[in-house]
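Please walk me through this protein for someone who has not seen it before. Start with the sheet, then go on to the rest.

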Amino acid sequence: EIATTDLRRGIGVVFQDFARYQFTARENVWLGDVALDRDDAAVEQAVGAAGAHELVAGLPHGYDTMLGKWFEEGEELSVGEWQKIALARAFVRDADVLVFDEPASALDPLAERDVFARIRELARGRAVVLVSHRFSTVREADAIHIVDAGRIVESGSHEALIDRGGVYAAMYAVQARGYTEA
């Protein structure tokens with residue numbers, strides 16, 4: 001019984017294959033909530049929340065730097081830097097539900113840890129759906145759901161799923177072995 005526009009406004013999403021818009025850094029983030037003025041302070045706050053303020057501030061024209069190489073004077077970012085811009089785009093929307101599909105797949109482990117600390121901070125009072133194959137990411141979730149062939153086959157906390165010894169425990173053991181074997 002909720003209007004489609006209200007439903008859409010209530011959800012912020014970062015896909016694994018996020019968009020890289022050939023606009024300014026400010027516009028790239030603003031696109032997450034076009035109801036805002038382009039110069040709204042929320043844009044810069046979202047960039048900071050995504051851990052990208054130093055990156056954007058260090059660009060030749062700061063927030064007004066054109067991103068990508070389609071246009072003259074455009075600045076190309078690394079995949080990890082683009083991912084931070086995509087995170088800021090999701091953060092600028094004051095959404096009740098945040099959906100992240102492998103949001104740190106292009107980041108190094110230290111940047112990934114920082115992004116998930118920021119996501120935890122922003123998640124307060126919101127629902128977060130996190131799609132990930134990285135156990136370092138999912139093990140802190142309140143509830144983990146294992147999907148196989150489009151169906152949820154296991155649910156629970158990390159500890160409960162390990163104790164159950166099912167699909168999750170087997171996948172966790174395989175990934176953990178990669179870190180513990182010499």
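In what order do the three strands of the open sheet lie, and is their pairing parallel or antiparallel? The model shown here is a predicted one. In it, the three strands follow the order β1-β2-β3, and their pairing is parallel. The edges of this open sheet are taken by β1, residues 11–14, and β3, residues 127–131. Each of these two has a single partner strand, so one side of each is left without a neighbour in the sheet. On average, neighbouring strands of the sheet are turned by 10° against each other, with direction ignored.

The pairing of β1 can be followed in more detail. Four bridges join β1 to β2, which covers residues 97–101, and the two strands run parallel. Within this pair, I11 stands opposite V97 of β2. A helix is also placed against these strands: α5, made of residues 79–91, lies across β1 and β2. The direction of α5 is at about 175° to that of β1.

A further pair of strands is formed by β4 (residues 144–148) and β5 (residues 151–156). These two run antiparallel and are joined by five bridges. One facing pair here is H145 with S155, the latter in β5. The strands β4 and β5 form a hairpin with two residues between them, and A149 takes a positive phi near 55° in this hairpin.

On the surface, V153, V167 and M171 form a nonpolar patch. Together they have about 230 Å² of accessible area. M171 belongs to helix α9, which spans residues 167–180. The relative accessibility of M171 is 38%, a value between the 20% limit for buried and the 50% limit for exposed, so M171 counts as partly exposed.

The whole chain can now be put together. The protein has nine helices and five strands. Along the sequence they follow the pattern α-β-α-α-α-α-β-α-β-α-β-β-α-α. The C-alpha atoms fill a box of roughly 55 × 50 × 30 Å along the principal axes. There are 182 residues in the protein, and 38% of them count as buried. The protein exposes about 10,900 Å², of which carbon and sulfur atoms supply 51%. Finally, among contacts between residues at least 6 apart in sequence, 59% join residues that are at least 24 apart.

Terms used: Residues are numbered from 1 along each chain as its sequence is written. This is a predicted model: local features need pLDDT of at least 70, side-chain atom pairs count only at pLDDT 80 or more; totals for chains, interfaces and linings use all residues. Side-chain values use heavy atoms; hydrogens and water are left out. Two strands pair if DSSP finds at least two bridges between them. Axes are lines fitted to C-alpha atoms, for helices over the stretch in contact, and angles run from 0 to 180 degrees between N-to-C directions. Contact means heavy atoms within 4.5 Å. Patches are made of residues with over 30% relative accessible area and no salt bridge: like charges are joined within 9 Å, nonpolar side chains (Val, Leu, Ile, Met, Phe, Trp, Tyr) within 5 Å. Accessible areas come from the Shrake-Rupley method with a 1.4 Å probe; for residues, only the protein chains shown count as cover. A salt bridge is a side-chain nitrogen of Lys or Arg within 4 Å of a carboxyl oxygen of Asp or Glu. Buried means under 20% relative accessible area, exposed over 50%, partly exposed in between (1.4 Å probe, protein chains only).
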